[in-house]
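Visitor: I would like to learn how to read a protein model. Could you take me through one?

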Amino acid sequence: MGSQQTHENNGSTGTWTLKTGLAQMLKGGVIMDVVTPEHAKIAEDAGACAVMALERVPADIRAAGGVARMSDPEIVQRIMDAVTIPVMAKCRIGHFVEAQVLESLGVDYIDESEVLTPADEKYHVYKHDFKVPFVCGARELGEALRRIHEGAAMIRSKGEAGTGNIVEAVRHIRAITESIRALADLDERGLETKAQEYRVPIELVRQVAKDGKLPVVLFCAGGIATPADAALMMQLGAEGNFVGSGIFKSADPARRAKAIVEATTHFRDPKLIAEVSRGLGEAMRGLTLESIPAAERLAGRGW
Amino acid sequence: MSKLPASSSLARDARPLTARAGVLGLQGDFAEHLATLERIGVEPVDVRRPEQLDTIDALIIPGGESTTIGKLASQYGFIEKLRDRTAEGMPVWGTCAGAIFIAKDVPGHPHPLAGLMDMTVERNAFGRQVDSFEADLDVAELGPSPFHAVFIRAPLITHVGRGVDVLATLHDGTVVAARQGRLLATSFHPELTRDERFHRYFLSLGKP
């Protein structure tokens with residue numbers, strides 16, 4: 001093989017293509033929060049495309065209060081050993097050592113997550129330094145682009161985790177997709193203004209304006225409790241769903257998990273969604289946003 | 001525009017390779033395959049129901065999670081229909097998870113799979129995501145210039161039966177692309193690059 005013909009990434013690991021590529025493989029799927037190897041098996045059997053290994057689901061983190069940190073590596077490892085699908089784990093915002101620890105364990109994706117208590121009030125993890133890919137939460141387009149610029153290879157809406165209430169996730173997905181559409185109408189000067197407002201390079205804003213989509217995969221997270229919630233987010237432009245407390249805080253997790261997977265695949269098929277929604281038992285109880293004091297809301301964490 | 005005689009080889013090559021090609025759209029990176037098909041001038045079909053298999057001339061099973069795709073496919077009755085269509089001669093190509101889906105032997109796989117192609121495929125054989133890699137491959141069928149391949153939590157073809165041709169290997173001899181008649185398997189993702197040669201090659205398998 002001549003050297004001129006060799007691709008610059010020949011033999012490389014941890015490239016942008018590989019990081020964003022794994023997220024492409026997750027599309028159309030459901031990533032489920034699990035706290036034990038048994039949960040992880042239930043999720044895999046239900047058709048989850050990945051699991052998020054946690055010590056506590058967000059609803060319990062919310063109930064417990066105090067400082068929420070990276071999970072015990074023992075729990076993460078046992079979940080990695082239990083399933084063959086990709087395993088993700090969460091680090092605190094800005095806590096790059098938790099991220100290094102998770103990378104050393106060999107997790108497949110790291111979620112730098114507002115569900116945990118932030119460790120740095122100024123900087124998020126500089127994610128280009130890692131071989132493992134990162135997913136980050138966002139409430140609006142500027143936040144999503146700042147995370148991508150720092151190296152996030154996948155974006156999810158923040159929603160309001162642990163509430164079983166879809167309203168914030170809807171707000172965030174709409175904010176992101178509407179802002180992307182609005183870029184299409186802007187001239188070069190308008191794009192420059194947006195780049196300044198978003199605090200990201202103009203090239204990134206130009207690319208989003210041209211493609212009409214983020215340069216990475218966009219999932220929904222935060223508040224999905226039913227198959228209809230999952231399909232709603234897909235119809236609003238999500239490319240897949242994270243479901244946290246909604247599954248293992250419900251009456252029949254195995255059936256609900258399977259139903260949410262089917263509704264995510266066939267999100268434009270109301271008959272099928274009706275069918276899989278029948279007799280699922282009680283959904284997680286849920287919280288209205290008004291009942292949560294501002295200081296206890298998670299979505300405002302990160303910037 | 002000048003008219004070409006119908007018998008000329010140029011006219012024959014200008015014909016679409018395959019009129020309508022489907023991509024199994026249950027889960028995974030089906031959109032990238034659909035976009036590639038569209039770029040090379042083939043009508044792409046997002047296949048989510050088994051009866052759609054009757055409306056297409058070739059099918060791609062994309063990358064994704066093989067447990068998820070396998071589970072959804074068997075639940076909705078895809079597998080029997082797919083076996084029928086394959087027996088009728090419809091070309092099928094599996095990329096990564098898709099290669100697992102069409103393999104006859106997948107040790108330890110928890111869900112039912114189509115089992116079309118005579119080979120053994122080992123899942124996640126290269127390790128976890130941090131071990132995912134890119135590599136240039138020599139693929140004689142595609143011509144002299146190397147094909148840049150993207151391997152993501154890739155499976156490995158550990159054994160091929162008689163009648164299966166090896167199309168590409170890594171430097172250590174590991175089989176990463178194989179063909180059996182009109183069945184094609186790659187453990188990497190041509191749909192994630194701009195190189196369309198594998199897609200064109202696959203569509204040419206359907207020619208009489």
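Guide: We will look at a sheet, a pair of helices, the nonpolar cores and then chain B. Please keep in mind that this is a predicted model.

Visitor: Let's start with the sheet. In what order do the strands of the open sheet in chain A lie?

Guide: Reading across, the order is β7-β6-β5-β4-β3-β2-β1-β8, eight strands with parallel pairing. At the edges stand β7 (217–219) and β8 (241–243) of chain A, each with a single partner strand, so one side of each has no neighbour in the sheet. On average, neighbouring strands are turned by 30° against each other, direction ignored.

Visitor: How many bridges join β2 and β3 of chain A?

Guide: Three bridges join β2 (residues 50–53) to β3 (residues 87–92), in the parallel sense. Take A:Met52 as an example: its bridge partner in β3(A) is A:Met88. A helix joins the picture too, since α2(A) packs on the sheet and touches β1 (30–34) and β2 of chain A. The direction of α2(A) makes about 165° with that of β1(A).

Visitor: And how do I describe two helices that pack together?

Guide: Two packed helices are described by the angle between their axes and by the distance between those axes. Here, α2 (residues 37–46) and α4 (residues 73–82) of chain A pack at about 35°, with axes 9 Å apart. Their crossing is right-handed. On the α2(A) side the contact is made by A:Pro37, A:Ala40, A:Lys41 and A:Glu44, and on the α4(A) side by A:Arg78, A:Ile79 and A:Ala82.

Visitor: How many residues of that contact are nonpolar, polar or charged?

Guide: Four are nonpolar, three are charged and none is polar.

Visitor: What should I know about nonpolar cores?

Guide: In soluble globular proteins, nonpolar side chains tend to be buried together. In this model the largest nonpolar core has 107 residues, and those with the most contacts inside it are A:Leu145, A:Ile155, A:Met233, B:Leu82 and B:Phe101. Helix α7 (residues 167–183) of chain A gives the largest share of this core, six residues. Apart from that core lies another, of 31 residues, including B:Trp93 and B:Phe202.

Visitor: Which residues does B:Leu82 contact, leaving aside neighbours within four places in sequence?

Guide: They are B:Leu53, B:Leu59, B:Ile61, B:Met90, B:Val92, B:Phe101, B:Ala114 and B:Leu116.

Visitor: Finally, how many helices and strands are there in chain B?

Guide: Chain B has six helices and twelve strands. Of its 208 residues, 59% are buried. Among its contacts between residues at least 6 apart in sequence, 63% join residues at least 24 apart.

Definitions and conventions: Residues numbered from 1 in each chain as written. Chains lettered and ligands numbered in written order. Predicted model: local features only at pLDDT ≥ 70, side-chain atom pairs only at ≥ 80, totals over all residues. Heavy atoms only, no water. Axes fitted to C-alpha atoms, helices over the stretch in contact; angles between N-to-C directions. Helix = DSSP H or I, 4+ residues; strand = E, 2+ residues; numbered from the N terminus. Left-handed = near helix turned anticlockwise from the far one by under 90°. Contact = heavy atoms within 4.5 Å. Nonpolar A, V, L, I, M, F, W, Y, C, P; charged D, E, K, R; others polar. Pairing = 2+ DSSP bridges. Core = buried A, V, L, I, M, F, W, Y, C linked by side-chain atoms within 4.5 Å. Buried < 20%, exposed > 50% of the residue type's maximum accessible area, 1.4 Å probe, protein only.
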